[in-house]
Amino acid sequence: MPQERLPSRADNFSDWYNQLVLKAEMADYGPVRGTMVVRPYGWTLWENITAALDRRFKATGHVNAAFPLLIPMSFLQKEKDHVEGFSPQLAIVTIGGGEELEEPLVVRPTSETIIGHMYAKWIESYRDLPVLINVWNSVVRWELRTKLFLRTTEFYWQEGHTAHATAEEAKAETQQMLEVYADFAENEAAVPVIKGRKSGREKFAGGVDSYSVEAMMGDTRALQAGTSHFLGENFAKAFSIQYLNRENKQQYVSTTSWGLSTRFVGAIIMVHGDDQGLVLPPRLAPFQVVIVPIYKTEQERSAVMEQTERVQQSLAEFRLKLDDREEVTPGFKFNDWEMRGVPLRIEIGPKDVEQGQVTLARRDEKGRIRAPVEGVAQLVSATLDEIQANMLNKAREFMRENTHDPADYAEFKEVVKSGWADVWWCGEEDCEAKIKQETKATNRVIPLEQPGGQGVCIRCGNAATERAIFARAY
RNA sequence: CGGGGUGUGGCGCAGUCGGAAGCGCGCCGCGUUUGGGACGCGGAGGUCGGCGGUUCAAGUCCGCCCACCCCGACCA
């Protein structure tokens with residue numbers, strides 16, 4: 001049972017987030033440092049996310065498979081940058097069945113290596129290509145500072161791994177999946193994103209180019225919501241993934257990988273939530289509608305429940321919860337379901353029965369409306385669509401309002417304290433490092449959509465041909 | 001791993017000078033309630049984070065350890 005109030009978002013965003021996740025029963029802390037238990041309400045949201053993504057993966061020709069959790073240490077060492085990037089975060093198994101193992105086994109931090117190993121075995125000819133496999137699993141990365149959903153030692157995700165005959169084809173795949181993530185984020189989660197390329201410092205260990213969709217959280221910090229990597233021939237060379245082309249010549253494949261994790265649940269919470277609690281997008285919410293019956297006497301109860309049943313039947317197409325608990329008051333239920341972010345509440349009381357109506361309360365806006373019982377399904381459907389659209393618009397507006405175009409570096413320093421900076425940037429790693437040192441803001445992404453032309457780098461003043469987003473990030 | 005903080009019923013906390021472990025919420029039972037977080041009465045629930053020390057006596061004083069949270073470095 002939840003406690004009464006949440007800390008305000010403006011007052012302490014981090015505290016607000018932590019308490020909300022616990023009180024809304026999305027997740028709880030596991031017994032091992034940094035681990036997370038995803039509770040049924042949170043997992044249902046994740047299941048709805050996975051369903052929406054999986055649909056899109058299948059529609060773009062991908063199939064699902066499963067690969068082992070344990071990976072020989074030597075596999076990671078085959079790609080130099082990869083092992084360097086991940087070694088500080090590895091959990092390693094050294095004992096099995098009571099015996100010291102000959103070779104330590106890594107608990108997968110990601111599956112490029114073991115999948116590369118298998119692809120080398122499976123791919124012989126250009127006729128075997130492309131290989132388009134996705135995996136739903138969990139991975140382990142030994143994180144120093146954890147936060148429920150956003151960064152946990154073990155997290156759930158999907159990782160897509162594809163192999164292609166040419167670099168061009170692999171690059172197209174990388175872009176395609178970035179588009180899939182952006183489409184999912186905006187149309188299912190109502191989370192607006194910026195698509196772009198990662199800077200050298202931020203890209204995937206062992207890859208050639210990384211792309212991401214970046215979202216602005218309610219405190220204006222940036223969150224990488226999904227990534228898509230072009231791996232070139234790096235892993236193909238490390239694992240000898242070769243095929244014979246039409247001319248009977250051995251060629252290396254080009255590979256990609258792309259992932260989206262339970263972190264996205266955190267994004268939904270932080271983008272849409274308010275001081276009352278969660279606000280969940282109708283397309284993904286575990287419950288789209290909650291019905292709260294209201295009555296005093298036994299006569300009222302039977303009349304109300306009769307109408308409630310009729311309404312319930314007419315709303316069979318929606319994910320619906322009837323809150324018929326006797327031990328709490330309607331007022332308590334209103335607050336409870338608001339905290340849990342249910343998009344639409346239907347109240348049915350004696351006055352409604354009398355009028356043959358129901359009372360609707362939207363989670364995204366204040367106020368109630370009354371509507372006749374007849375045709376309530378169409379109204380609910382239209383209202384959920386409106387809520388979905390309104391949530392995306394509000395989040396877009398927030399992102400726009402908090403994205404700035406500072407005139408000089410002094411102004412840049414100011415704006416990144418509470419927003420994003422969209423600026424000309426020279427692209428030098430050294431310059432990026434200094435910006436981070438001086439402002440705590442990092443290069444989030446170099447947007448795919450560029451205005452063209454050129455300018456001067458916001459920090460060093462050198463010629464710049466691209467604009468980049470700088471922000472404090474999670 | 002560096003800096004700061006906190007560990008006392010499920011949760012949030014109080015506990016003075018070392019002298020009988022408390023409060024609020026939640027939980028269980030009964031009754032009254034129910035259109036914005038109801039109320040009364042009666043209950044259950046604790047090796048005070050762990051180990052060691054000082055003392056007639058430790059939640060309280062001392063030492064070590066552990067865990068968690070916040071801020072940094074690292075990361076999806």
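In this predicted model, the search for enclosed space turns up one cavity of 30 Å³ or more. The largest cavity holds about 60 Å³ of space. Its walls are made by Glu112, Ile115, Gly116, Tyr119, His161, Thr162, Leu231, Phe235, Ile241, Thr255 and Thr256. Helix H5 (112–122), strand E8 (154–164) and strand E14 (254–261) are the elements that put two or more residues into this lining, and H5 gives the largest share, with four residues. Sorted by character, the lining of the largest cavity comes out as five nonpolar residues, five polar and one charged.

Next come the open pockets. The largest pocket contains about 1,800 Å³ of space. Its lining runs to 50 residues, and Glu143, Arg151, Gln224, Arg263 and Tyr474 are the ones closest to its centre. Helix H1 (13–23), helix H4 (80–86), E8, E11, E14, helix H8 (263–272) and strand E22 (442–447) each bring at least two residues to that lining. As for chemistry, the lining of the largest pocket splits into 15 nonpolar, 17 polar and 18 charged residues. To place this pocket in the chain, it helps to have the domains at hand: chain A is divided into domain 1 (13–272), domain 2 (289–383) and domain 3 (403–471). Domain 1 and domain 3 both contribute residues to the lining of the largest pocket, so this pocket sits between them.

The second largest pocket has about 590 Å³ of space. It is lined by 33 residues, with Asp274, Val279, Arg363, Asp364 and Lys394 nearest its centre. Two or more lining residues come from each of E10, H8, helix H10 (330–339), strand E17 (344–348), strand E18 (357–362) and helix H12 (376–401). Of these, H12 gives the most, with five residues. Here the lining divides into 18 nonpolar, four polar and 11 charged residues. Domain 1 and domain 2 each supply at least three residues to the lining of the second largest pocket. As for the remaining pair of domains, the C-alpha centres of domain 2 and domain 3 are 50 Å apart.

Strand E11 (residues 222–232) deserves a closer look, since the lining of the largest pocket takes at least two residues from E11. The strand is mostly covered, with 10 of its 11 residues buried. On one hand, E11 pairs with strand E10 (residues 209–216): the two run antiparallel and are joined by eight bridges. Within that pairing, Met216 stands opposite Ala222 in E11. E10 and E11 make a hairpin with five residues between them, and Thr220 in the turn has a positive phi of about 75 degrees. On the other hand, E11 also pairs with E14, again in the antiparallel sense, over five bridges. In that pairing, Thr227 has Gly259 in E14 as its bridge partner. E14 itself turns up in the lining of the largest cavity, where it gives two or more residues, and in that of the largest pocket, where it supplies at least two.

A separate, open sheet is built from three strands in the order E4-E6-E5, with antiparallel pairing. Strand E4 (70–72) and strand E5 (91–96) are at the edges and have a single partner strand each, so one side of each has no neighbour in the sheet. From one strand to the next, the twist averages 50 degrees. Between E5 and strand E6 (residues 99–107), the antiparallel pairing covers five bridges; there, Ile92 stands opposite Val106 in E6.

A few backbone details round out the picture. The peptide bond joining Leu129 and Pro130 is cis, with omega about -5 degrees. Pro130 falls in the loop between H5 and strand E7 (131–140), and H5 is the helix that gives four residues to the lining of the largest cavity. Positive phi values also show up in loops. Phe149, in the loop between E7 and E8, has phi near 70 degrees, a positive value in a residue other than glycine. Asn248, in the loop between strand E12 (242–244) and strand E13 (250–252), has a positive phi too, near 65 degrees, and is likewise a residue other than glycine. As for their surroundings, Phe149 counts as buried because its relative accessibility is 2%, under the 20% limit. Asn248, at 58% relative accessibility, passes the 50% mark and therefore counts as exposed.

Conventions:
Residues are numbered from 1 along each chain as its sequence is written. Chains are lettered from A and ligands numbered from 1 in the order in which they are written. This is a predicted model: local features need pLDDT of at least 70, side-chain atom pairs count only at pLDDT 80 or more; totals for chains, interfaces and linings use all residues. Side-chain values use heavy atoms; hydrogens and water are left out. Domain bounds come from an automatic or database domain assignment. Two strands pair if DSSP finds at least two bridges between them. Axes are lines fitted to C-alpha atoms, for helices over the stretch in contact, and angles run from 0 to 180 degrees between N-to-C directions. On a 1 Å grid over the protein atoms alone, a cavity is a set of points where a 1.4 Å probe fits but cannot get out, and a pocket is an open set with protein on both sides within 12 Å along at least five of seven lines; lining residues have an atom within 4 Å of a point. Grid points are joined across faces, edges and corners, and a volume is the space filled by probe spheres set on the points. Ala, Val, Leu, Ile, Met, Phe, Trp, Tyr, Cys and Pro count as nonpolar, Asp, Glu, Lys and Arg as charged, and the others, Gly among them, as polar. Buried means under 20% relative accessible area, exposed over 50%, partly exposed in between (1.4 Å probe, protein chains only).
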